[in-house]
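Biologist: Hey, got a minute to walk me through this one? I'd like to start with a single contact and then zoom out.

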Amino acid sequence: MTTLASNPRPQASPADIAPFALVGPADRDRLAGLVVDACPLTPDQAAVAAGAPAVVRARRVAGFSAEHLREAVDALVRTHEVLRTSVDREGAEPLCLVHAESAVPVNVVDVVDVDLVGLVTAERAAVHEGATLRVAAVPAPEGGATLLVSLHPVLAAAVDPEAVLDGLRDAARHAPAVRHAPRVAAERAGLLDRAGRAHWRAVTDGFAPFTLPTPWTREAGPGAVEVPVADLAPGLAVLGPLPEVLLAAHLKVLTTLTNEPSMRSDVVLPRPEAWSAFEPLSRTGVVPRTEASSASEPASRGDVVVPRPEALSVPGGPLPFAVTAPATTWRDLVAAVRETAREAARHRPAHRRPAVAAGELRRHALFETRGGLPVVPEEDRGYGVHVIATAEALLVRTVLRPGSAATLGPTYRSVLEAMAADPDGDARGTHLPPAERDEVLSTWGAGPRAALDDTTAAALIETRARVTPEAVAVRVGTVELTFRALDERATRIARHLASLGFGQPDTVVGVCLRRTPDLLPALLGTWKAGAGYLALDPDLPVERVRHMLESTGCRVVLSDTAQREFLGGTGFAGRAVWLDEQRDAIDAHPTTRLPTGPRPEHLAYVIYTSGSTGTPKGVMVEHRGLLNYLSWTVDAYAAHGSGGSAVFSSTSFDLGIPNLFTPLLTGQPVHLLPEPLAPADLGRHLVEGGPYSFVKMTPGHLDLLCHQLDTRQAHALAGVVVAAGDAFPATLADRWIRLAGPGGTKVATEYGPTEITIGNSGQPVTGPPATELVPLGPPIPNTTMYVLDAHLEPVAVGVPGEIHIGGVGVARGYLGRPGLTAERFRPDPHGRPGDRLYRTGDLAQWLPDGSLNFLGRADDQVKIRGYRVELGEVQAAVTRHPQVRDAVVVARESTPGVKVLACYVVAARGARPDPAALRARLAAELPDYMVPATVTVIDRIPLTANGKVDHRALPAP
């Protein structure tokens with residue numbers, strides 16, 4: 001059976017390549033007689049950077065003899081030419097010179113309480129000053145010793161230091177010589193291996209590199225944890241050779257730290273000789289071999305073992321290891337790893353490692369196998385996570401945020417325990433530590449439980465009208481409606497609908513009105529009649545309104561004669577109630593309360609999504625979820641004053657629903673701003689109508705206000721402004737906080753897709769957030785908000801996942817589309833029987849403090865040269881430039897199939913940003929794949945009618 005140990009070896013024999021055959025005539029003439037052979041450096045050796053540190057490895061051995069150690073070193077050096085090499089840089093290209101002899105220093109430090117750290121430092125420095133290989137031993141008082149081998153970095157690129165330690169154990173005085181030139185020839189031949197190059201090109205182009213979650217790499221520091229393995233060995237052995245199983249476990253853990261369906265990560269495949277019996281090397285030592293040696297060991301001569309001649313010739317550098325979607329069972333996972341390892345080993349000579357920036361490497365992971373755990377400090381390999389696998393334990397070294405690093409050990413152990421317990425068990429879970437799983441699902445992911453009355457918002461507004469009948473409920477220009485007038489007009493409209501045979505529960509009544517005095521009476525009247533409303537904005541395209549009317553089966557529309565032509569253009573064949581033209585008939589109805597009204601489980605409204613992903617979808621929202629949300633806004637928003645709110649967004653956009661109804665629940669007025677309303681006039685109208693208790697708007701609208709209002713006006717505008725409906729940049733929140741000043745209008749955020757009843761989370765923003773976007777806030781009462789993977793398993797803190805929302809706010813589904821409803825509304829595996837979750841399609845990650853960082857839409861995720869790019873991170877870097885007031889970053893195709901980043905900036909007052917200088921500054925701060933290919937200066941960021949960034953209106957770069 002092929003295992004990870006089945007690495008191919010160069011097939012050339014010493015006779016195949018004559019001495020000096022790989023160098024030119026000039027070098028041959030210059031070096032003949034001085035050395036026994038010369039050859040070019042291997043590609044890995046040539047790639048070693050100047051100033052690279054020496055490589056030190058160490059092992060503890062149970063038996064030790066200084067005499068036999070020196071004999072073993074001599075034998076090993078005689079056997080392997082590569083250990084007698086030095087680098088010559090005098091000729092046309094650097095050469096590796098093979099000397100007839102090489103005296104390797106052997107330092108036996110017979111000192112009690114020796115400083116191992118100091119010894120390692122000294123040995124590492126000495127390698128750069130003299131011999132390219134050094135050996136040291138520190139005998140232990142109780143017997144045995146610690147062996148150290150130190151290799152010059154150029155030598156370490158051709159020799160695995162673990163192989164040197166193995167060679168010291170197994171060396172013989174009379175072993176056959178192993179030449180270095182065939183190895184160099186085989187490595188150079190790999191450059192011509194088309195199949196091998198195609199293999200690695202497919203791996204690097206087809207698999208995104210694994211990167212650690214961004215929050216894990218902030219405030220990073222070194223750490224390490226050991227994960228026991230030995231006690232699980234019997235169960236793990238059922239799956240295959242332990243190196244394979246441990247690698248599979250490592251790759252499984254990496255898949256829980258990313259939302260990539262496939263990826264690649266760096267792996268050092270074990271040498272054929274490593275872990276041949278996977279015995280802990282602490283049981284062996286540098287001592288004479290006896291007749292008790294195992295028959296399975298290499299053939300021996302006398303009292304020493306003949307070494308495996310190729311042992312030092314197998315390269316051990318990191319390879320990009322491809323990882324596809326998680327296998328179903330552990331057995332399948334190990335089999336997939338075995339096959340990938342076989343392919344990687346077969347094409348190893350053709351691999352050339354590209355240069356990776358140090359900062360980028362810190363976000364990557366490395367896995368390697370060794371015969372024993374490190375016992376002395378080693379050089380930093382530069383990775384954020386470096387896993388050293390042995391028979392006894394996994395050593396997980398990290399340069400991460402401490403809290404994140406602490407979760408890795410339990411996660412590795414949980415995966416290993418699951419593998420050992422059931423080889424055919426499900427391999428798709430995330431295996432979070434129990435405390436973290438409870439934290440993300442219950443502590444952070446669940447809103448508080450709150451009592452919810454068995455009623456509706458319509459009934460509560462009706463009650464409010466009886467309590468404060470003469471208070472102003474609606475303001476439209478100079479027209480005011482009291483609560484009494486609003487309620488009576490709504491009741492008459494409801495009775496009129498009932499008289500026409502409309503208004504039964506779960507039926508739909510269209511409302512096609514602008515912001516007129518009849519808007520709120522029509523909406524409330526629809527509810528009083530028992531129906532749900534369908535908001536038909538006259539500014540919507542006619543074809544879209546036709547689709548809405550037809551797909552809902554709407555048979556009646558409340559409108560006014562100003563919309564007669566528009567409604568006629570939709571082809572609507574049902575009953576139109578013209579509220580202005582038929583006022584007398586409507587007013588003839590009594591104002592006494594209807595005997596029946598809607599129940600909490602009845603339909604409150606149908607609202608259509610934007611349709612950006614295809615045909616618009618009608619979302620059915622029930623009264624229970626609506627009341628739960630509005631009840632939360634009473635305390636979160638309306639309690640900040642007594643001035644009510646302003647309505648200036650489309651009624652077909654559910655963002656404005658709290659502006660319409662929350663004030664009415666508290667006896668405060670609703671101010672309907674004029675229509676049409678030019679964006680340039682928004683600030684003026686709000687100032688004239690304020691101060692308000694709250695105003696909910698998009699971040700785009702808030703950005704407009706930051707430029708339209710002065711400090712005094714912003715300070716007094718409202719108790720709180722709420723930014724929702726789009727990504728909320730932290731820089732914008734900070735700009736408003738500074739503009740409004742201490743004690744002025746506060747700012748808050750709210751998040752929620754249409755399918756979960758307007759909003760599901762939110763919180764005040766009290767200071768500049770540390771993230772690029774304002775965190776989403778905790779879930780509101782009676783709801784849940786989870787970050788899950790494709791299998792509905794919770795992801796670890798810091799790991800991107802899809803937001804899933806549950807609880808009372810989850811909509812009924814999509815009208816007339818049961819298949820899509822089943823796809824997006826799923827049973828909640830973490831809730832009670834019958835609970836459902838809505839898949840939002842939005843990505844987020846939990847941060848260590850429990851806040852939820854929004855990452856954008858899953859279907860809008862951008863990959864540049866295989867790397868996933870968070871556009872918000874790039875945008876935040878751009879807006880930190882003092883000459884930039886605002887910015888938006890998008891992905892564009894420069895050529896078919898090739899995406900690049902395009903940046904659009906609005907200059908700060910009096911500034912003239914230079915695109916080239918801005919790109920140069922970004923290049924110093926961001927990885928090159930995150931630097932926009934183009935920077936275009938524009939006058940303003942274009943917005944849609946609903947206040948979101950209008951990407952289609954951005955000019956070509």
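**A charge, some rings and the whole chain**

Modeller: Let's start with R564: its charged end sits over the ring of W578, 4.7 Å from the ring's centre. Keep in mind that this is a predicted model.

Biologist: OK, and ring against ring? How many aromatic pairs does a search of the whole structure find?

Modeller: The search turns up 10 aromatic pairs. Take Y637 and F694: their ring centres are 5.5 Å apart and the planes meet at 35 degrees, so this pair is tilted.

Biologist: Why tilted, and not stacked or edge-to-face?

Modeller: Because planes under 30 degrees apart count as stacked and over 60 as edge-to-face, with the rest as tilted. At 35 degrees, Y637 and F694 come out as tilted.

Biologist: Where do Y637 and F694 lie in the chain?

Modeller: Y637 is in the loop between α21 (623-636) and β24 (645-647), while F694 belongs to strand β26 (residues 692-697). They are 57 residues apart in sequence, so the pair ties together those parts of the chain.

Biologist: Is Y637 buried or exposed? And what about F694, buried or exposed?

Modeller: Y637 is buried, at 2% relative accessible area. F694 is buried too, with a value of 0%.

Biologist: Got another pair for me?

Modeller: Sure, Y751 and F854. That one is also tilted, with 6.1 Å centre to centre and 45 degrees between the planes. Y751 sits in strand β28 (residues 746-751) and F854 in strand β35 (residues 852-857), so this pair links distant parts of the chain, 103 residues apart. Both Y751 and F854 are buried.

Biologist: Which residues form an aromatic cluster?

Modeller: W527, Y533, Y605 and F661 make up one cluster.

Biologist: Switching topic: what's the protein chain like overall?

Modeller: Its secondary structure comes to 29 helices and 40 strands. The C-alpha trace spans about 120 × 60 × 55 Å along its principal axes. Of the 957 residues, 57% are buried.

Biologist: And how much of the contact count is long-range in sequence?

Modeller: Among contacts with a separation of 6 or more, 72% are between residues 24 or more positions apart.

Biologist: What about the outside, and the charges?

Modeller: The protein chain exposes about 38300 Å², and carbon and sulfur atoms supply 53% of that. On charge, there are 93 positive and 106 negative side chains, and the centres of the two sets lie 4 Å apart.

Notes. Residues are numbered from 1 along each chain as its sequence is written. This is a predicted model: local features need pLDDT of at least 70, side-chain atom pairs count only at pLDDT 80 or more; totals for chains, interfaces and linings use all residues. Side-chain values use heavy atoms; hydrogens and water are left out. Helices (H or I, at least four residues) and strands (E, at least two) are DSSP runs, numbered from the N terminus. Buried means under 20% relative accessible area, exposed over 50%, partly exposed in between (1.4 Å probe, protein chains only). Contact means heavy atoms within 4.5 Å. Accessible areas come from the Shrake-Rupley method with a 1.4 Å probe; for residues, only the protein chains shown count as cover. Lys and Arg count as positive and Asp and Glu as negative; His and the chain ends are not counted. The place of a charge is taken as NZ of Lys, CZ of Arg, CG of Asp or CD of Glu. Rings of Phe, Tyr and Trp (its six-membered ring) pair if their centres lie within 6.5 Å; planes under 30 degrees apart count as stacked, over 60 as edge-to-face and the rest as tilted. A charge sits over a ring if NZ of Lys or CZ of Arg is within 6 Å of the ring centre and within 35 degrees of the ring normal.
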